Amino acid sequence: MTIGRRALIGIPYLWLLLLFLVPFGIIFKISLSDITLAIPPYTPTLDLSEGWPGIRDFLRQLDFENYVFLTEDALYWKAYLSSLRIALVSTLLALCVGYPIAYGMARAAPEWRPTLMMLVILPFWTSFLIRVYAWIGILSTEGYLNQFLQWIGLIAEPLQIMNTPTAVYVGIVYTYLPFMILPIYATLERMDDSLLEAAEDLGCSRLSAFWIITFPLSRSGIIAGCFLVFIPAIGEFVIPSLLGGSGTLMIGKVLWEEFFSNRDWPVASAVAIILLLILVIPIILFQKTLEKNQEADA
Amino acid sequence: MTSAVAAARPAEFAPWNDPAQTPLIRFENVTKRFGDFTAVDDVDLAIYRKEFFALLGPSGCGKTTLMRMLAGFETATEGRITIGDEDMAGIPPNRREVNMMFQSYALFPHLSVWDNIAFGLKRSDMAKDKIPDRVQEMLRLTRLEKFARRKPHQISGGQRQRVALARALAKAPKLLLLDEPLGALDAKLRQQTQFELMDIQEKTETTFVIVTHDQEEAMTVASRVAVMDNGKVIQVDTPARIYETPNSVYVADFIGDVNLIEGNATLKPDGLVRLAWAEGAPEIIATAGEGLTDGARASFVIRPEKVAISAERPEGRNNVVQGRIHDIAYLGNISTYHVELPGGQIMKAQTVNNRRQSRRGFTWDDEVWLSWTDTAGLVLAG
Ligand SMILES: Nc1ncnc2c1ncn2[C@@H]1O[C@H](COP(=O)(O)OP(=O)(O)OP(=O)(O)O)[C@@H](O)[C@H]1O
Ligand SMILES: [Mg+2]
């Protein structure tokens with residue numbers, strides 16, 4: 001291998017090292033420290049001027065106390081579980097909403113497809129924060145949704161949607177829907193229409209042809225879409241804090257509070273490390289399926 | 001070159017000549033329009049049981065559309081299609097005893113060869129325990145036993161094509177539609193597969209309708225050929241008759257190599273025609289084609305292999321012209337001489353090279369005589 005090629009391959013590794021491993025190392029180190037009233041608000045801090053004994057002293061003071069603490073307080077594992085549940089349910093909801101949209105786009109006349117694609121991507125052009133705020137205007141007790149429902153006479157009293165898990169589901173599904181639609185659309189659009197005709201020709205009804213042919217063939221898109229929604233949803237902070245109120249417990253919110261309200265950096269770091277470990281499993285699974293799909297396509 | 005050697009099948013198979021036979025498929029004044037474009041134009045067609053029927057025509061003439069109407073993927077704008085005396089209007093593809101082998105094969109990529117072949121059987125009323133036997137039979141017929149467990153992307157193009165055939169045949173349909181089934185194969189494999197197809201068709205006694213734009217293929221496999229142009233069926237006949245007695249200049253020109261000479265026709269009482277084709281040249285005497293009227297503008301058509309070439313003026317023939325060799329195409333088994341006639345027309349004459357390195361026949365710029373019998377060529381209207 002020439003030096004040039006090695007350098008080329010080295011760049012992404014360097015990138016990973018700088019932007020992932022180094023921050024990870026720093027966070028991990030903080031998670032092993034103790035809280036103190038200082039700047040930065042943890043101890044020990046590494047002071048290289050004292051040489052070897054200093055480093056040894058520093059290492060001796062690190063421990064897994066914070067991790068033990070996380071297991072002792074029920075709040076944390078409840079928050080993890082609740083985040084997992086909310087992420088899982090949102091992913092399923094996004095799939096149920098996104099699949100028909102992707103299917104409709106793939107079945108639309110070819111000249112319409114770029115426009116439809118545009119409509120899916122369009123929300124990205126405004127700030128995520130503003131879009132979530134807009135949902136407050138829709139979902140609150142005096143919001144548009146309640147006004148509308150009262151106006152058509154469906155309900156007498158306004159519904160309490162804001163500050164409930166429902167609002168969080170709405171927010172997450174809304175925000176991450178494009179990540180579900182786009183990969184599914186990509187697989188559906190690539191599918192050869194004559195496969196469905198062949199299935200029909202061999203005795204399938206339209207509906208069973210969908211379940212036997214279309215659905216399995218869009219599996220790779222479904223898997224990609226689900227991971228793309230699930231992984232960011234689990235650590236979501238903005239949506240539960242703006243729409244979920246105090247009623248929803250999510251690990252992202254706990255993390256925020258540890259950092260900024262309690263200024264307990266070590267515990268917050270431990271929370272973050274555990275979250276990362278939880279996410280590593282689906283991320284590895286995701287990579288595996290991606291690789292498998294690439295092999296199948298080749 | 002074109003060969004009219006489909007005579008491999010028994011000569012007596014000709015249900016279209018037997019008034020007692022009823023056709024399996026009938027197209028009655030069928031028209032299909034896409035918007036204001038007419039893809040199939042007022043087609044009448046009858047196809048009989050056990051026939052190997054070929055639809056032949058240039059690209060875009062409506063062959064696939066005709067086929068898709070039989071399978072149920074398109075509905076006729078006008079007219080009636082019946083299969084086994086049942087009107088097909090409104091019957092969806094999954095309820096027709098018709099199976100189609102798709103041009104792109106359309107194999108299900110996520111299913112194994114075995115499951116692809118079993119696909120239709122699982123959705124039929126066949127008993128579950130009978131399915132493996134039937135699949136095995138199909139695998140044997142198409143010589144795919146070794147590949148049963150593979151996925152479509154793990155087999156070759158030719159094998160894929162055989163899977164598509166096996167899958168379409170598995171349900172033992174009344175009618176099998178094949179849309180350019182051999183399009184993706186190289187010439188050698190193609191020829192071999194044509195014979196396999198004929199063999200399978202005979203063994204299974206299924207009615208085959210094949211779409212092709214390769215005339216040689218149509219001539220090889222088919223019991224009858226329909227030549228189409230612009231959504232219309234121009235002629236339906238056996239390969240030999242299509243080749244020897246085309247009903248129009250279009251068909252004559254489309255099938256095989258042909259010499260065309262335009263002129264004015266005069267009908268003679270004995271069924272022959274005189275064609276005045278050039279100032280001062282002797283009139284051509286030939287057989288009258290279908291629908292030729294006296295005194296009309298007409299074309300004389302003759303196949304190059306029916307034109308004899310000689311150095312001396314031949315005796316005892318009515319049709320003799322002299323010319324100069326303009327070009328020679330040596331094709332190994334035959335040679336085609338392009339001879340320039342005094343009027344400037346080019347006439348092709350073919351000879352069989354049945355002797356290896358025989359005395360060199362003719363060469364460029366030789367003065368030669370071309371001749372043919374009165375019945376060798378046809379005069380067709382137009
Ligand atoms: N769905 C459709 N909408 C509009 N026009 C169509 C449609 N399907 C076919 N056509 C037109 O009808 C004509 C006949 O098409 P068809 O596919 O039957 O041709 P073909 O004879 O099978 O040609 P080829 O040999 O190229 O396959 C073509 O001009 C085609 O453009
Ligand atoms: Mg076609």
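These are my notebook entries on a few things I looked up in this predicted model.

**Helix 1, chain A**

I started with helix 1 of chain A, which covers residues 3–31. It has 29 residues and reaches 39 Å from its first C-alpha to its last, close to the 42 Å expected at 1.5 Å a residue. I still wanted to know where the kink in this helix is centred. I found it at A:Leu17, with an angle of about 35°. Then I checked burial: the buried residues of helix 1 are A:Lys29, A:Ile30 and A:Ser31. Residue 31 is also where the helix ends.

**Helices 4 and 8, chain A**

Next I took helix 8 of chain A, residues 165–190. I noted 26 residues and a reach of 37 Å between the end C-alphas, close to the 38 Å expected. Where does helix 8 kink? The kink lies at A:Tyr176, shortly before the proline A:Pro178, and comes to about 50°.

I then looked at how helix 8 meets helix 4 (residues 74–107) in chain A. Their axes come within 6 Å and cross at roughly 45°. That angle makes helix 4 oblique to helix 8. For handedness, I have the crossing down as right-handed.

**A:Pro40**

I went to A:Pro40 and found it in the loop between strand 1 (34–35) and strand 2 (42–43) of chain A. Is this proline buried or exposed? Neither quite fits: A:Pro40 is partly exposed, because its relative accessible area is 28%, and the buried class stops under 20%. I also checked A:Pro40 against A:Arg263, which is 223 residues away along the chain. Their C-alpha atoms are separated by 9.9 Å.

**Cysteines**

How many disulfides are there over all chains? I got 0. To see why A:Cys226 has no partner, I looked for the closest cysteine sulfur. That sulfur belongs to A:Cys96 and is 9.4 Å away, too far for a bond, since a disulfide needs the two sulfur atoms within 2.5 Å. A:Cys226 counts as buried, at 18% relative accessibility, with the cut-off at 20%. Over in chain B, I looked up B:Cys61 and noted it as buried too, with a relative accessible area of 2%.

**Chain B overall**

I finished with chain B as a whole. I noted 8 helices and 20 strands there. Its C-alpha atoms fill a box of roughly 80 × 50 × 40 Å along the principal axes. What share of its 382 residues counts as buried? My entry for that is 50%.

Terms used
Residues numbered from 1 in each chain as written. Chains lettered and ligands numbered in written order. Predicted model: local features only at pLDDT ≥ 70, side-chain atom pairs only at ≥ 80, totals over all residues. Heavy atoms only, no water. Helix = DSSP H or I, 4+ residues; strand = E, 2+ residues; numbered from the N terminus. Buried < 20%, exposed > 50% of the residue type's maximum accessible area, 1.4 Å probe, protein only. Expected span 1.5 Å × (residues − 1). Bend = angle between axes of the 7 residues up to and from the residue. Axes fitted to C-alpha atoms, helices over the stretch in contact; angles between N-to-C directions. Parallel < 35°, antiparallel > 145°, perpendicular 65-115°, else oblique. Left-handed = near helix turned anticlockwise from the far one by under 90°.
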